[in-house]
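Trainee: Could we go through this structure together? I'd like to learn how the labels get decided.

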Amino acid sequence: MRYLCCCPRLIHWFEGFQRLEVNEDVPPLSQNVPQESLVEYKDITQRFTEEAETLAIGQLVQDPNFTLLEAVGALEIMDPKMDSGLMPAITEEHFNVIASRSAQEIIGIMDQLLSYEMAWHSGNALSQTVLISLYIDKLLESSPVDLNHAIFYTEQPLNQSKHDFVLLNVLRGYCLGVIKSCFLVNNTIKSQYVLEIQEEDFVTTTYNISLLDDVQPAEICQEIENSLQLLDDISHQRLWSEELHTALKYRLSHRLSMLRNFSMSVQDYGAYIDTPLEPWESCLELSKRVEETHPFGKPVEEAFSTNVLRKLATTVPPRPKAEMQFTEAIGDLKRMCAEMTEIVKILQYVSPGNILTFLLRFNGRKLQPCTYVRVMLQCLLVQNWAVVGKVPIKEYVIADLKELCCPLPKLLDPNNDLAEAPQSPEYNIMKRVNWFTDKASNLMLGLFQKLCMNRPRVRRTLCHILLDWDAFQSEAEDVDTELHQYTHEEPLRSGDSETYSYPLSSWVFYYKLRIMEWIVLLGFELEIYQPYEFAGMYWVAQHYIRTRLHHLERIRTHVVHQGNFQVLEEWRKEQQETMAYLMFLSLEASAQHDLIVALTNTHRILLIMDLITTHPQPYGADELRFMLRMKPFQSINVPEPFTWDYVPWTYFQPQKYKEEDEQDLALDKQESIEEAHQSIADARKHYELLNKMRINVSRAVLCEDMYRESLKDVLRSCIATSISLSVLKKSIENGDPRPDSLEIKIESERYHAWFPVPVVGVKKG
């Protein structure tokens, strides 16, 4: 590291030690002196090191006139990323925004603006993207409150040609559209409860710059339409070729479409459900036209400068501009348009199960939706305490409860709300059910909100809300117990014992188990676990899924039992729908369980055979690592949290297990291989059955394509795991393979993110 100094106070401090020579013939500040010659820097690295060595440990030298702020500032000197004074001379003062430009250059500037806008959507700051445009800087420099002040010039230049007038008009309209699009996107994201604002995925800071805040989107749309009309009016004059004329119109039309889409309210989306061409579909088509005509453009690099960062109200050091290739930017834009088209489908409400399936499949794709899309999904999903603006959240909870548990008709009878006598059973049922739906509504809204976040945030926030669901389950069990005396439910008798259905707490417990599974499985998707931890964490996931299977079987048993005492035809129909749904959920859980059993045994065998490298952990221990992984579940009452003494050695302590008898070890490996083969075969059968099910049964009406694609990814995981098991089995039959004879690689790119495959291959040579 080199130390350089030009701060006068710092130089004075070093002069006190008589260790530093400074050139005092510094020329006075003058407008005519180049910036690079204002200060002469002196290398004091060696002298600074020598002086520092004379200090004892813990000794501090301080000059009262040299503050901590100045000391930190001195460290920034000569660092282009921190020292704004080191930046090149301001070039935007010499940049003429009204200079004559060719049509190719205007097209190039538009495409560059689009690239920077998509770079902003991908998580960079406005100061690194859109705001470095000198054209946009010119439009915003006077903080315009209306479009009459958002101009490139106050008076039309003398001898301005028709060619230049039209192109500047077109570019101004496009720039205004970009500015307002950023304003609308920014406001939409800030209006929602999105934790990743200013942290991970999106930067909402505008640096105290007004992005045409007081101008209505309709006014800018009219400006763009006027520019389009101007292009049509001069088309016969042949100011440029037909290809360039068409390219300019495509870009204005595309910007107009984007601005209108960004300015749409949540209520506006409902009007386009049944239209043949949804707004974002038309934007997608125009994006393709812009991509096709991109070769006609010519970039103008001098039209973008980071020197404008000096004007921003921020304490953040200057950052380099965020470059994004046009091909990448237009690809992200087309994907965003396609995703916006997808999320509008959620407005076609079918059932609670379909809503949950859509959220899991949409946000579970390998290419994560951008922040704006996820925020809009959240906006469309919950509108004024109503799911997709149609079903009040309380009615949604009741519908979900009926779909999963099919409780007694008396429990959810709408006539209970008419009861007024405090002693009547109907009044007491109504009071307790209303309490349950109020509490469940808040938790369900929170779950929707969490599932719309990015994947790391999903896992983190699920760990938080899990405690709320656990506490709610205990309260719901008490309410279920109180309801027995009012609903007169016939218990299910088995020998001397009697059990009740407990529909409210059963519904809560089901969702709590799903949350626990998601937390564990998301760890594989986010690569939180090391490969040598896979066996143990799959064993944990296997336990929770098995618990869910037993819980679904219990719900099914009670639904069948209650059918022996009900004669209402409407309830019979609900029972049939619930039974079909429970059959699907059980089959899905069985398929997941079998696949996880196979992966658990596969990874355990690889650990025993030293085919997965276990790195030394001098400051760690297996028990501490296990407790860290289980931390989200330590406060859960049911299912009972694991303790280190309970978990089997074979999954969490392979080294200790390998100390067992060699003969028992060989037999165990053979049995594990056979069990894994059988489990993976069963998993494939179950997933193939799931793929053949009708989408109304599998609750995939809103996302059939995404659901089928997810099943294909899981089937690929099944097939690849089966192949790896076959290679392992053959190697064991030929003799215990050495670690250097087989090659192990954990792959997740081609498979489901929750089920990465240990690909086993024989090393060549």
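Mentor: Sure, let's begin with a definition: a disulfide is a pair of cysteine sulfur atoms within 2.5 Å. Keep in mind that this is a predicted model, where local features need pLDDT of at least 70, side-chain atom pairs count only at pLDDT 80 or more, and totals for chains, interfaces and linings use all residues. Residues are numbered from 1 along each chain as its sequence is written, and side-chain values use heavy atoms, with hydrogens and water left out.

Trainee: How do you know that Cys-337 and Cys-283 aren't bonded through sulfur?

Mentor: The closest cysteine sulfur to that of Cys-337 is in Cys-283, 3.7 Å away, so that's too far for a bond. Searching the whole structure turns up zero disulfides.

Trainee: Why is Cys-337 called buried?

Mentor: Buried means under 20% relative accessible area (exposed is over 50%, partly exposed in between; 1.4 Å probe, protein chains only). Cys-337 has 0% relative accessibility, so it counts as buried. Cys-463 has 16%, so that one counts as buried too.

Trainee: What makes helix 6 largely enclosed by the rest of the structure?

Mentor: Helices are DSSP runs of H or I with at least four residues, numbered from the N terminus. In helix 6, 23 of the 29 residues are buried, so the rest of the structure largely encloses it.

Trainee: How do you know that the span of helix 6 agrees with 1.5 Å a residue?

Mentor: The expected span is 1.5 Å times one less than the number of residues. For residues 162-190 that should be 42 Å, and the end C-alpha atoms are 42 Å apart, so the two agree.

Technical notes:
Helix = DSSP H or I, 4+ residues; strand = E, 2+ residues; numbered from the N terminus.
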